Amino acid sequence: MTDPTLIRNFSIIAHIDHGKSTLADRVLQLTHTVADRDMQEQMLDSMDIERERGITIKAQAVRVMYDADDGKTYQLNLIDTPGHVDFTYEVSRSLAACEGVILVVDAAQGVEAQTVANAQMAMNAHLEIIPLINKIDLPAADPERVRHEIEEGLAIPADEAVLASGKTGEGVRDALEAVVRLVPHPVGDPEAPLKALIFDSYFDAYRGVVALIRVIDGSVGKGVKVKMMATSTITDVEEVGVRRPANMPVDVLGVGEVGYLITGLKDPALVKVGDTVTLARHGATEQLPGYREAKPMVFTGLFPIDGDQYPDLRDALERLQLNDPALVWDPESSHALGFGFRVGFLGLLHMEVVKERLEREFDLDLLATAPSVEYHAYRMKGDMVVVHSPQDMPDPGHLDRVEEPYLKATVLVPPDYVGAVMELADQRRGTFKDMQYLSATTVELHYEMPLSELIMDFFDQLKSRTKGYASLDYEYIGYRTSQLVKLDILLAGKPVDALSFVVHKDKAYARGKVLTEKLREIIPRQMFEVPIQAAIGAKIISRETVRAMRKDVIAKCYGGDISRKRKLLEKQKAGKKRMKSVGSVDIPQEAFMAILKVDE
Amino acid sequence: MGQAIGGQGPIGGAPGFTVPWNEPPRVPLPKHLYVHVPLCRSKCSYCDFFSRADDGAVSHTELVEATLEMLRGWLEPTVRRVPLETLYIGGGTPTVLGDDLVTLVRELTTIMPLAEGAEVTVEANPESVSPELLASLVAAGVTRLSIGVQSLDDETLRLLGRCHDAATALDVVRAALGAGLEVGADLICGVPGLSHDDWLRTLDAIVDAGVQHVSVYPLSIEAGTPMAEAIAEGRLAPPDEDATVAAMDAAAEVLTARGLDRYEVANYAVPGHESRHNTAYWTGWPYLGIGGGAHGMLDGEQARALGLVPPDETGIVRVRYGYAADMFPMRLEKSLSAFETMTAPEALREDAMLGMRMTRGVADELAELAGARGAMESLVADGLVVHEGGRWRPTERGWLFGNEIFARIWGAVE
């Protein structure tokens, strides 16, 4: 156990791409935690997909030993947090394990939406905030402007902000000195019953669930019987240790220390992020505050292109869930797409990441339907139906009202683009709340808008209409009643369930028209004419036609052509295999996502 | 070296010589031979075949000798020659060789003698055919001329980059018929700018001229050709699909009405004048191919005897090979650029697929052996194929959607 006064627990928080992971890499090098020859980029992001996309999905904790200018050696626990809004809950749990944060702001980009959101979260958690202006080596760096933005926009004193470059390593030592000097050391009662916060967990095929914990009171070591308070699960401790960043067992984790805990439990559902670990006997009676269940907000149908892969998809989802308890699913069957699953995600990034991992790590070919949200449909007879899939929307005749999830969206943008943002938000049913100047170059706008509008490529649109300058953050604010209808798409006269979607009544006509036009472009000409119709109930609101192909024949086929032409046919066939046949119509996969690309 | 192997007896060798009991039997070579002559007067705007302009850079005699050498290369001691049922000299434009072409025919048929009544076809373009050449070719054993007429509309011929006009083409057709040759004419339909009436006039005129065989190809835009470039740059309209289909339908109607029956997707003939050589391609007979870019097909036994596949690879029943697209491919270190082996189920499916190019279609037995019955039935349900008299045949609609038929049959077994 280490004297708590020599411990500092801190996170690095930042808007995406502001250089958080690179900075963490420099910390590992400076403290000789990782030998230079073992160093690789984004050391703490272990998944391929994290490195490729430059994002952090799983929280990570690493202990480094730092020889400070005051001659003492400090135990620094760096807790790397996911940066994306989808993982806000994980971020809040990670912050709950810290006493301070380094708030990284890009010296060229300045304060962005997630800078604001993360700073607010740190303030709400009463953490010491050390501003760090990163990437000062960039030609476009303007630390003075950014310093001003931090002070004006975030109300955080920044005259002593650390100036650093994760790329060159400049200022990294200054940052660690600031952590030692400014971040309070942990305070806890070593004699009290164990209280430790689980701020993340992952599944290890050999060891079972590994929990990342921060000890608040008491201590924990091998052989002790512990209890997970939210699930009342009692188990023995097999091993505790610290991550450097590889697991290194220790005898005991004491007050203020951060490390891992292995119990041999195999079911991740029993070891929940946010839960409190205490002793099985004479344990603490009160949980640490802030625990809640992860709640999926975005739903999509995932179907194997090859129906035989359905069991493989189920296995793969189960395997992924071991490391991602936020992932939920139910079997779903579609006339068009066969058997698959309705999968719930924390948000769009979470959805993309999971789909990509399923395809890449489990070698599945998947078709995803357009994402949807959880609607609450209240029927005349008074009950409420939870609708995760447009197919489940009750008949309009029986509906009293439908509620949909709303969120508060925060957009930060240079003043020149305020008009463009307002126009877009207006198209997406946004209600303007307020607007303020964070600085001469940054305006903060607040909107309330339906989540369903946000998941319709809102972010892409926002980026393209503001030349990439706008940044976005949002939080859920609850359910509100909206005038919603289900729009069906018929191909060759038959409704294709997987193409149905829920839309606001006032936008149904426009969107139906654009979507049928889009589908006409996407669906290839077939041997027969294919009418495409959009309908609300029995009422057709728009119609397009894919003209029939007139001929499809290789007319010239002699001795030298046979192999070549056969290969050509094989290639065509492989292309067709990537399509779904619904009735006699071959539908390319992108058709099922077309609704997302509808820019009316 | 081929000269050393004499005779055409069942085992070869000199008459009266007794083959020891343990001598491996000699395997008969194919009875169909294709020879590619990769020269043309000039390249046409739509053509992506392996051929180059005959600008004097390639010596005709050298090319002829190289071609013969390539043929001799196949005469391994483990195989024996059989009389050729068909010989096809294609291109390019073989007739640009002039008298050297006559030499080529004579020498080829010396190395590989012709069977009684063999079909010997030479491809020709109107600009390089003279009455004298026709007479010499007939004397050398040529029986059939396949002429690249393409159109009898001068404007269309210019657009296609052809170096002849309609009048010349008709003259050559008549001269060839007069010389006693069977004559086939190739035509291209769907050329941008060609009216339907002009197309009908071309069809009538070519039949009036007395040809026994017509091939009709819709214009196909091949990547990298000047025509593809013109379309990409907007200088030329792309072929109109509706007009092309109308032209294909009109060809079927007019030619059939005038006594030329359709016997394959693109081929029409007065009964008895179908191309025997091409029919061999569509009915699974092995053929040798020689010349730059030429392809050939051998059965498994032939391929093993020639050392193209190891002797113990008995599962291979068919081999397709192709020479590199080079003027003198045998001078290259690896002169075969394409090589593909097939198992019996694959070869059967290929036969069924190719069989459906033809009016007579595929017999029940073959469809069954190829495992293609289910595919055939689905094609019948879609109106592309009809099943009658123990055979599966393409319907009128099936002619237009051949790829659907071929793909389903080829993909019948995964």
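**Figure 1. Salt bridges across the predicted model.** The predicted model holds 52 salt bridges over all chains. One of them pairs A:Glu257 with A:Arg63, with the closest N and O atoms 3.0 Å apart. A:Glu257 sits in the loop between β14 (252–253) and β15 (258–262) of chain A, and A:Arg63 in strand β2 (residues 60–67) of chain A, so the bridge ties together parts that are 194 residues apart in sequence. A:Glu257 counts as buried because its relative accessibility is 3%. A:Arg63 is buried too, at 9% relative accessibility.

**Figure 2. A salt bridge within helix α12 of chain A.** A:Lys513 and A:Glu517 form a salt bridge, with the closest N and O atoms 2.7 Å apart. Both belong to helix α12 (residues 508–522) of chain A; they are four residues apart, so about one helical turn separates them. A:Lys513 is partly exposed, at 45% relative accessibility. A:Glu517 is also partly exposed, at 24% relative accessibility.

**Figure 3. A salt bridge between the chains.** The side chains of B:Asp242 and A:Arg550 meet at 2.9 Å, N to O. B:Asp242 is in helix α8 of chain B, while A:Arg550 lies in the loop between β32 (539–546) and α13 (561–577) of chain A. B:Asp242 is partly exposed, with a relative accessible area of 30%. A:Arg550 is partly exposed as well, with a relative accessible area of 29%. Elsewhere, salt bridges that share partners form a network of A:Arg566, B:Arg318, B:Arg320, B:Glu340, B:Glu350 and B:Asp351.

**Figure 4. The largest nonpolar core.** This core has 117 residues. Those with the most contacts inside it are B:Ile89, B:Leu104, B:Leu108, B:Trp199 and B:Ile206. Helix α8 (residues 241–257) of chain B gives the largest share of the core, eight residues. Domain 1 (27–279) and domain 2 (345–414) of chain B each supply at least three residues to this core. In soluble globular proteins, nonpolar side chains tend to be buried together.

**Figure 5. Surroundings of B:Ile206, and a second core.** Neighbours within four places in sequence are left aside here. B:Ile206 is then in contact with B:Val149, B:Leu152, B:Leu170, B:Val173, B:Ala185, B:Leu187, B:Val211 and B:Val214. A second, separate core has 50 residues, including A:Leu302, A:Leu313, A:Val385 and A:Val387.

**Figure 6. A nonpolar surface patch on chain A.** A:Met422, A:Phe432, A:Met435 and A:Tyr437 make a patch of about 370 Å². Strand β25 (residues 431–439) of chain A provides the largest share of this patch, three residues. A:Met422 is in helix α9 (residues 418–427) of chain A. A:Met422 counts as partly exposed, at 30% relative accessibility.

**Figure 7. A:Arg428 in its loop.** A:Arg428 is placed in the loop between α9 and β25 of chain A. A:Arg428 counts as buried because its relative accessibility is 2%, under the 20% limit. Beyond neighbours within four places in sequence, A:Arg428 is in contact with A:Met449, A:Pro450, A:Glu453, A:Met456, A:Asp457, A:Phe458, A:Gln461 and A:Lys507. A:Ser452 is 24 residues from A:Arg428 in sequence, with their C-alpha atoms 9.1 Å apart.

**Figure 8. A:Asn118 in helix α4 of chain A.** The helix spans residues 113–124. At 7% relative accessibility, A:Asn118 counts as buried. Leaving aside neighbours within four places in sequence, A:Asn118 is in contact with A:Ile13, A:Ala14, A:His15 and A:Val91.

**Figure 9. The two chains.** Chain A has 13 helices and 34 strands. Of its 600 residues, 57% are buried. Among contacts in chain A with a separation of 6 or more, 69% join residues 24 or more positions apart. Chain A exposes about 25,100 Å², and carbon and sulfur atoms supply 50% of that area. Chain B has 15 helices and 19 strands. Of the 414 residues of chain B, 55% count as buried. Among contacts in chain B between residues at least 6 apart in sequence, 71% join residues at least 24 apart. The accessible surface of chain B is about 16,800 Å², with 53% belonging to carbon and sulfur atoms.

Methods. Residues are numbered from 1 along each chain as its sequence is written. Chains are lettered from A and ligands numbered from 1 in the order in which they are written. This is a predicted model: local features need pLDDT of at least 70, side-chain atom pairs count only at pLDDT 80 or more; totals for chains, interfaces and linings use all residues. Side-chain values use heavy atoms; hydrogens and water are left out. A nonpolar core is a set of buried Ala, Val, Leu, Ile, Met, Phe, Trp, Tyr and Cys residues joined through side-chain atoms within 4.5 Å. Buried means under 20% relative accessible area, exposed over 50%, partly exposed in between (1.4 Å probe, protein chains only). Helices (H or I, at least four residues) and strands (E, at least two) are DSSP runs, numbered from the N terminus. Domain bounds come from an automatic or database domain assignment. Contact means heavy atoms within 4.5 Å. Patches are made of residues with over 30% relative accessible area and no salt bridge: like charges are joined within 9 Å, nonpolar side chains (Val, Leu, Ile, Met, Phe, Trp, Tyr) within 5 Å. Accessible areas come from the Shrake-Rupley method with a 1.4 Å probe; for residues, only the protein chains shown count as cover. A salt bridge is a side-chain nitrogen of Lys or Arg within 4 Å of a carboxyl oxygen of Asp or Glu.
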